[in-house]
Amino acid sequence: MSHYQLDPVRTDREQWLKQYYFIRAAFSVAWVIAAFAVGASSPVIAGALLVLYPSWDAAANFVDGLRSGGLTQNRTQALNVVVSLATTVAVLVALQMSMNLVLGVFGAWAILSGLLQLGTAIRRWKSFGAQWAMVLSGGQSALAGGFFIFQATTPMSPTIADVAGYAAVGAVYFLVSAVWLTVSAWRQRARRAQLG
(Lines give C-alpha, C1' and ligand atoms only; values in the text may rest on other atoms or scores of the structure.)
Protein backbone atom coordinates (compact mmCIF):
# COMPACT_ATOMS: atom_id res chain seq x y z
CA MET A 1 0.00 0.00 0.00
CA SER A 2 1.46 3.37 -0.99
CA HIS A 3 2.27 6.32 1.21
CA TYR A 4 -0.25 8.31 -0.86
CA GLN A 5 -3.10 6.03 0.23
CA LEU A 6 -2.06 6.19 3.87
CA ASP A 7 -1.54 9.95 4.05
CA PRO A 8 -4.65 11.30 5.84
CA VAL A 9 -3.90 14.95 5.02
CA ARG A 10 -3.59 14.26 1.32
CA THR A 11 -6.65 12.02 1.36
CA ASP A 12 -8.67 14.71 3.13
CA ARG A 13 -7.57 17.37 0.64
CA GLU A 14 -8.44 15.16 -2.32
CA GLN A 15 -11.86 14.53 -0.78
CA TRP A 16 -12.29 18.29 -0.42
CA LEU A 17 -11.24 18.87 -4.03
CA LYS A 18 -13.84 16.38 -5.22
CA GLN A 19 -16.58 18.20 -3.29
CA TYR A 20 -15.23 21.58 -4.41
CA TYR A 21 -15.29 20.65 -8.09
CA PHE A 22 -18.84 19.27 -7.80
CA ILE A 23 -19.99 22.48 -6.07
CA ARG A 24 -18.35 24.67 -8.70
CA ALA A 25 -19.87 22.64 -11.51
CA ALA A 26 -23.32 22.85 -9.92
CA PHE A 27 -23.06 26.61 -9.42
CA SER A 28 -21.94 27.16 -13.01
CA VAL A 29 -24.81 25.04 -14.35
CA ALA A 30 -27.32 26.96 -12.19
CA TRP A 31 -25.82 30.28 -13.31
CA VAL A 32 -26.01 29.33 -16.98
CA ILE A 33 -29.63 28.22 -16.61
CA ALA A 34 -30.51 31.49 -14.87
CA ALA A 35 -28.65 33.49 -17.53
CA PHE A 36 -30.61 31.93 -20.38
CA ALA A 37 -33.94 31.59 -18.55
CA VAL A 38 -34.29 35.06 -17.02
CA GLY A 39 -31.08 37.03 -17.60
CA ALA A 40 -31.62 37.22 -21.35
CA SER A 41 -34.96 39.01 -20.91
CA SER A 42 -34.20 41.15 -17.86
CA PRO A 43 -31.28 43.61 -17.90
CA VAL A 44 -31.48 43.99 -14.11
CA ILE A 45 -31.21 40.25 -13.48
CA ALA A 46 -28.52 39.96 -16.14
CA GLY A 47 -26.53 42.67 -14.38
CA ALA A 48 -26.92 40.95 -11.02
CA LEU A 49 -25.77 37.63 -12.51
CA LEU A 50 -22.77 39.27 -14.15
CA VAL A 51 -21.73 40.75 -10.80
CA LEU A 52 -22.38 37.48 -8.99
CA TYR A 53 -20.14 35.38 -11.24
CA PRO A 54 -16.72 36.88 -10.37
CA SER A 55 -17.73 37.45 -6.73
CA TRP A 56 -18.60 33.75 -6.43
CA ASP A 57 -15.24 32.88 -7.99
CA ALA A 58 -13.49 35.01 -5.37
CA ALA A 59 -15.37 33.29 -2.54
CA ALA A 60 -14.75 29.82 -3.99
CA ASN A 61 -11.01 30.40 -4.40
CA PHE A 62 -10.80 31.87 -0.90
CA VAL A 63 -12.44 28.81 0.70
CA ASP A 64 -10.46 26.38 -1.44
CA GLY A 65 -7.22 28.12 -0.53
CA LEU A 66 -8.04 27.92 3.17
CA ARG A 67 -9.05 24.26 2.96
CA SER A 68 -5.93 23.38 0.98
CA GLY A 69 -3.31 24.52 3.47
CA GLY A 70 -3.96 28.25 3.73
CA LEU A 71 -3.67 31.16 1.33
CA THR A 72 0.05 31.62 2.04
CA GLN A 73 0.66 28.14 0.62
CA ASN A 74 -1.72 28.77 -2.28
CA ARG A 75 -0.61 32.10 -3.66
CA THR A 76 -2.16 31.62 -7.09
CA GLN A 77 -5.54 31.25 -5.41
CA ALA A 78 -4.90 34.22 -3.13
CA LEU A 79 -4.15 36.29 -6.24
CA ASN A 80 -7.26 34.89 -7.89
CA VAL A 81 -9.34 36.13 -4.96
CA VAL A 82 -7.96 39.64 -5.41
CA VAL A 83 -8.40 39.55 -9.20
CA SER A 84 -11.99 38.31 -8.93
CA LEU A 85 -12.93 40.90 -6.31
CA ALA A 86 -11.44 43.65 -8.48
CA THR A 87 -13.39 42.25 -11.42
CA THR A 88 -16.62 42.37 -9.41
CA VAL A 89 -16.10 46.08 -8.79
CA ALA A 90 -15.09 46.67 -12.43
CA VAL A 91 -18.23 44.89 -13.69
CA LEU A 92 -20.39 47.07 -11.43
CA VAL A 93 -18.82 50.17 -12.96
CA ALA A 94 -18.89 48.84 -16.53
CA LEU A 95 -22.59 48.01 -16.29
CA GLN A 96 -23.25 51.75 -15.99
CA MET A 97 -21.51 52.32 -19.33
CA SER A 98 -21.97 49.55 -21.91
CA MET A 99 -22.15 45.78 -22.35
CA ASN A 100 -19.12 45.99 -24.61
CA LEU A 101 -17.11 47.29 -21.68
CA VAL A 102 -18.57 44.58 -19.44
CA LEU A 103 -17.47 41.92 -21.90
CA GLY A 104 -14.02 43.52 -22.08
CA VAL A 105 -13.76 43.33 -18.28
CA PHE A 106 -14.81 39.67 -18.37
CA GLY A 107 -12.19 39.08 -21.05
CA ALA A 108 -9.40 40.50 -18.92
CA TRP A 109 -10.66 38.52 -15.94
CA ALA A 110 -10.89 35.29 -17.95
CA ILE A 111 -7.26 35.68 -19.02
CA LEU A 112 -5.92 36.45 -15.54
CA SER A 113 -8.05 33.95 -13.63
CA GLY A 114 -7.43 31.29 -16.28
CA LEU A 115 -3.66 31.68 -16.00
CA LEU A 116 -3.88 31.60 -12.19
CA GLN A 117 -6.07 28.48 -12.34
CA LEU A 118 -3.51 26.95 -14.69
CA GLY A 119 -0.79 27.73 -12.15
CA THR A 120 -2.82 26.16 -9.34
CA ALA A 121 -3.43 23.00 -11.38
CA ILE A 122 0.25 22.63 -12.30
CA ARG A 123 1.23 23.04 -8.65
CA ARG A 124 -1.28 20.35 -7.62
CA TRP A 125 -0.45 18.00 -10.50
CA LYS A 126 1.95 15.72 -8.57
CA SER A 127 -0.31 15.43 -5.53
CA PHE A 128 -3.84 15.13 -6.89
CA GLY A 129 -5.65 13.59 -9.81
CA ALA A 130 -7.82 15.28 -12.44
CA GLN A 131 -5.55 18.31 -12.74
CA TRP A 132 -5.21 17.80 -16.49
CA ALA A 133 -8.82 19.01 -16.80
CA MET A 134 -8.03 22.08 -14.70
CA VAL A 135 -4.98 22.79 -16.88
CA LEU A 136 -7.18 22.62 -19.97
CA SER A 137 -9.80 24.78 -18.26
CA GLY A 138 -7.25 27.45 -17.35
CA GLY A 139 -5.81 27.51 -20.84
CA GLN A 140 -9.25 27.63 -22.45
CA SER A 141 -10.26 30.46 -20.11
CA ALA A 142 -7.28 32.54 -21.17
CA LEU A 143 -8.06 31.96 -24.86
CA ALA A 144 -11.74 32.80 -24.32
CA GLY A 145 -10.68 36.01 -22.56
CA GLY A 146 -8.75 37.10 -25.62
CA PHE A 147 -11.80 36.44 -27.78
CA PHE A 148 -14.00 38.42 -25.37
CA ILE A 149 -11.70 41.42 -25.58
CA PHE A 150 -11.72 41.25 -29.37
CA GLN A 151 -15.52 40.88 -29.43
CA ALA A 152 -15.88 43.85 -27.07
CA THR A 153 -14.22 46.08 -29.66
CA THR A 154 -16.72 45.21 -32.39
CA PRO A 155 -19.90 47.24 -33.07
CA MET A 156 -22.14 44.30 -32.14
CA SER A 157 -23.63 44.64 -28.66
CA PRO A 158 -22.88 41.55 -26.55
CA THR A 159 -25.34 39.95 -24.13
CA ILE A 160 -25.12 37.74 -21.07
CA ALA A 161 -25.38 34.76 -23.43
CA ASP A 162 -21.79 35.41 -24.52
CA VAL A 163 -20.58 34.91 -20.96
CA ALA A 164 -22.98 32.02 -20.35
CA GLY A 165 -21.29 29.93 -23.03
CA TYR A 166 -17.95 30.46 -21.31
CA ALA A 167 -19.47 29.49 -17.94
CA ALA A 168 -21.01 26.33 -19.44
CA VAL A 169 -17.62 25.14 -20.68
CA GLY A 170 -16.17 25.83 -17.23
CA ALA A 171 -18.92 23.71 -15.65
CA VAL A 172 -17.95 20.78 -17.87
CA TYR A 173 -14.31 20.98 -16.79
CA PHE A 174 -15.23 21.09 -13.10
CA LEU A 175 -17.63 18.17 -13.52
CA VAL A 176 -15.01 16.10 -15.36
CA SER A 177 -12.51 16.77 -12.55
CA ALA A 178 -15.03 15.82 -9.86
CA VAL A 179 -16.03 12.61 -11.62
CA TRP A 180 -12.38 11.73 -12.29
CA LEU A 181 -11.53 12.08 -8.59
CA THR A 182 -14.62 10.07 -7.61
CA VAL A 183 -13.70 7.18 -9.92
CA SER A 184 -10.08 7.30 -8.71
CA ALA A 185 -11.27 7.05 -5.10
CA TRP A 186 -13.43 4.03 -5.95
CA ARG A 187 -10.47 2.32 -7.59
CA GLN A 188 -8.25 3.02 -4.58
CA ARG A 189 -10.85 1.54 -2.21
CA ALA A 190 -11.17 -1.51 -4.46
CA ARG A 191 -7.40 -2.05 -4.41
CA ARG A 192 -7.30 -1.69 -0.63
CA ALA A 193 -10.11 -4.22 -0.30
CA GLN A 194 -8.22 -6.71 -2.48
CA LEU A 195 -5.07 -6.26 -0.42
CA GLY A 196 -6.68 -6.65 2.88
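Trainee: By class, how many nonpolar, polar and charged residues does the lining of the largest cavity have?

Mentor: In this predicted model, the largest cavity is lined by 28 residues, and these can be sorted by the class of their side chains. The charged class counts Asp, Glu, Lys and Arg, and R24 and D57 are among the residues nearest the centre of the largest cavity. The full division of the lining is eleven nonpolar, 13 polar and four charged residues.

Trainee: Which helix supplies the largest share of the lining of the largest cavity?

Mentor: Several helices contribute, since helix 2, helix 3, helix 4, helix 5, helix 6 (131-152) and helix 7 (160-195) each supply at least two residues of that lining. The largest share amounts to eight residues, and the element that gives them is helix 5.

Trainee: What volume does the largest cavity have?

Mentor: Rolling a probe the size of a water molecule over the atoms shows where empty space is left. The structure holds one cavity of 30 Å³ or more, with R24, D57, Q117, S137 and F174 lying nearest the centre of the largest cavity. The volume of the largest cavity is about 320 Å³.

Trainee: With which residue does the side chain of R24 meet in a salt bridge?

Mentor: A salt bridge needs a side-chain nitrogen of Lys or Arg within 4 Å of a carboxyl oxygen of Asp or Glu, and for R24 the N to O distance is 2.5 Å. R24 lies in helix 2 (residues 8-39) and its partner in helix 3, so the pair ties together parts that are 33 residues apart in sequence. R24 counts as buried, at 8% relative accessibility, and its partner is likewise buried, with a relative accessible area of 8%. That partner is D57.

Trainee: How many residues apart in sequence are the parts that the pair of R124 and D64 ties together?

Mentor: R124 forms a salt bridge with D64, their closest N and O atoms being 3.0 Å apart. R124 lies in helix 5 and D64 in helix 3, so the pair joins parts of the chain whose separation in sequence is 60 residues.

Trainee: Are R124 and D64 buried or exposed?

Mentor: The cut-offs settle the wording, since a residue under 20% relative accessible area is called buried and one over 50% is called exposed. R124 and D64, the two partners of a salt bridge, both come out as buried.

Trainee: Are helix 4 and helix 5 roughly parallel or roughly antiparallel to each other?

Mentor: Helix 4 (residues 75-94) and helix 5 pack with their axes 10 Å apart, at an angle of about 170°. The contact of helix 4 with helix 5 involves twelve nonpolar, nine polar and two charged residues. Angles over 145 degrees count as roughly antiparallel, and the two helices are therefore roughly antiparallel.

Trainee: Which helix gives the most to the lining of the second largest pocket?

Mentor: The second largest pocket has a volume of about 180 Å³ and is lined by 14 residues, with G39, P43, A46, M99 and I160 lying nearest its centre. By class, that lining has eight nonpolar, six polar and no charged residues. Helix 3 (43-67) and helix 5 (99-124) each supply at least two of the lining residues, and the helix that gives the most, with three residues, is helix 3.

Trainee: How far apart in space are M99 and Q131, C-alpha to C-alpha?

Mentor: M99 is found in helix 5 and is partly exposed, with a relative accessible area of 24%. M99 and Q131 are 32 residues apart in sequence, and their C-alpha separation in space is 34 Å.

Trainee: What is the distance in space between the C-alpha atoms of M134 and Y173?

Mentor: M134 is found in helix 6, and its relative accessible area of 3% makes M134 buried. M134 and Y173 are 39 residues apart in sequence, whereas their C-alpha atoms are separated in space by 6.7 Å.

Trainee: How far apart in space are D12 and S68, C-alpha to C-alpha?

Mentor: D12 lies in helix 2 and, at 44% relative accessibility, counts as partly exposed. D12 and S68 stand 56 residues apart in sequence, and the C-alpha to C-alpha distance is 9.3 Å.

Technical notes
Residues are numbered from 1 along each chain as its sequence is written. This is a predicted model: local features need pLDDT of at least 70, side-chain atom pairs count only at pLDDT 80 or more; totals for chains, interfaces and linings use all residues. Side-chain values use heavy atoms; hydrogens and water are left out. On a 1 Å grid over the protein atoms alone, a cavity is a set of points where a 1.4 Å probe fits but cannot get out, and a pocket is an open set with protein on both sides within 12 Å along at least five of seven lines; lining residues have an atom within 4 Å of a point. Grid points are joined across faces, edges and corners, and a volume is the space filled by probe spheres set on the points. Helices (H or I, at least four residues) and strands (E, at least two) are DSSP runs, numbered from the N terminus. Buried means under 20% relative accessible area, exposed over 50%, partly exposed in between (1.4 Å probe, protein chains only). Axes are lines fitted to C-alpha atoms, for helices over the stretch in contact, and angles run from 0 to 180 degrees between N-to-C directions. Angles under 35 degrees count as roughly parallel, over 145 as roughly antiparallel, 65 to 115 as roughly perpendicular and the rest as oblique.
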